[in-house]
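Take a look at the fold below. Follow the chain slowly, and keep the sequence at hand.

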Amino acid sequence: MSDFQAVAKVGEIPDPGKQVVEVDDRVIALFHVGGKYYALDDVCTHDGGPLAEGQLDGYQIACPRHGARFDIRDGRALTLPATRGTAAHEVRISGDDILVRLAD
Ligand code: FES
């Protein structure tokens, strides 16, 4: 498992809000909802849609391509056409840094 890496500063992302960041050349969708941060691969498991460009609704992100919904807290797929979850990554706050550690 990789180390935590700083990807953004606290205060940069509104609540609710989202931002695309990169960790080790991997594109990650970082979400801020209810005072907490969540990180998912920015890749829809249906056909590779960029999740962070979709509509955020509570703890759900809707893929902008065909509308599959994912839970931002754990990456699980909630609606078709996606049937598999996308990877969820650990997020930690240190001072005013938002840190992400990639899941394997
Ligand atoms: S690519 Fe995301 S729903 Fe099809």
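Two strands pair if DSSP finds at least two bridges between them. Strands themselves are DSSP runs (E, at least two residues), numbered from the N terminus, as are helices (H or I, at least four residues). This is a predicted model, in which local features need pLDDT of at least 70, side-chain atom pairs count only at pLDDT 80 or more, and totals for chains, interfaces and linings use all residues. Residues are numbered from 1 along each chain as its sequence is written.

Begin with β3 and β4. How many bridges join β3 to β4? Six bridges do, and the two strands run antiparallel. One pair to find is Leu-30 and its bridge partner in β4, Ala-39. The two strands form a hairpin with two residues between them. In this hairpin, Gly-34 takes a positive phi near 60 degrees.

Now turn to the other pairing of β4 described here. Two bridges join β4 to β8, again antiparallel. Ala-39 appears here too: its bridge partner in β8 is His-89. In general, strands of a sheet pair through backbone hydrogen bonds, either parallel or antiparallel.

Is β4 mostly covered or mostly open? Strand β4, residues 36-41, is mostly covered, with five of its six residues buried. A residue is buried if 20 or more other C-beta atoms lie within 10 Å of its own, exposed if 12 or fewer, and partly exposed in between; C-beta atoms are placed from the backbone.

Move on to the sheet of β5, β6 and β7. These three strands form an open sheet in the order β5-β6-β7, with antiparallel pairing. Its edge strands are β5 (55-57) and β7, since each pairs on one side only. Neighbouring strands of this sheet are turned by 25 degrees against each other on average, direction ignored. Such angles use axes, which are lines fitted to C-alpha atoms (for helices over the stretch in contact), and run from 0 to 180 degrees between N-to-C directions. Three bridges join β6, residues 60-62, to β7. Within this pairing, Ile-61 has Phe-70 of β7 as its bridge partner.

Ile-61 also leads to Gly-54, a residue in the loop between β4 and β5. Leaving aside neighbours within four places in sequence, Gly-54 is in contact with Ile-61, Ala-62, Cys-63 and Pro-64. Contact means that the C-beta atoms of two residues, placed from the backbone, lie within 7 Å. Why does Gly-54 count as buried? Gly-54 is buried because 22 other C-beta atoms lie within 10 Å. Compare its position with Lys-36: the two are 18 residues apart in sequence and 19 Å apart in space, C-alpha to C-alpha.

Next, look at the loop between β2 and β3 (26-33), where Asp-24 sits. Asp-24 has a positive phi of about 50 degrees although it is not a glycine. Asp-25 is found in the loop between β2 and β3 as well. Its phi is positive too, about 65 degrees, and Asp-25 is not a glycine either. Are these residues buried or exposed? Asp-24 counts as exposed because it has 10 C-beta neighbours inside 10 Å. Asp-25 counts as exposed because it has 5.

Finish with two cis peptide bonds. One runs from Asp-15 to Pro-16, with omega near 5 degrees. Pro-16 is found in the loop between β1 (5-9) and β2 (17-23). Another runs from Leu-80 to Pro-81, with omega near 10 degrees. Pro-81 is found in the loop between β7 (69-71) and β8 (88-94).
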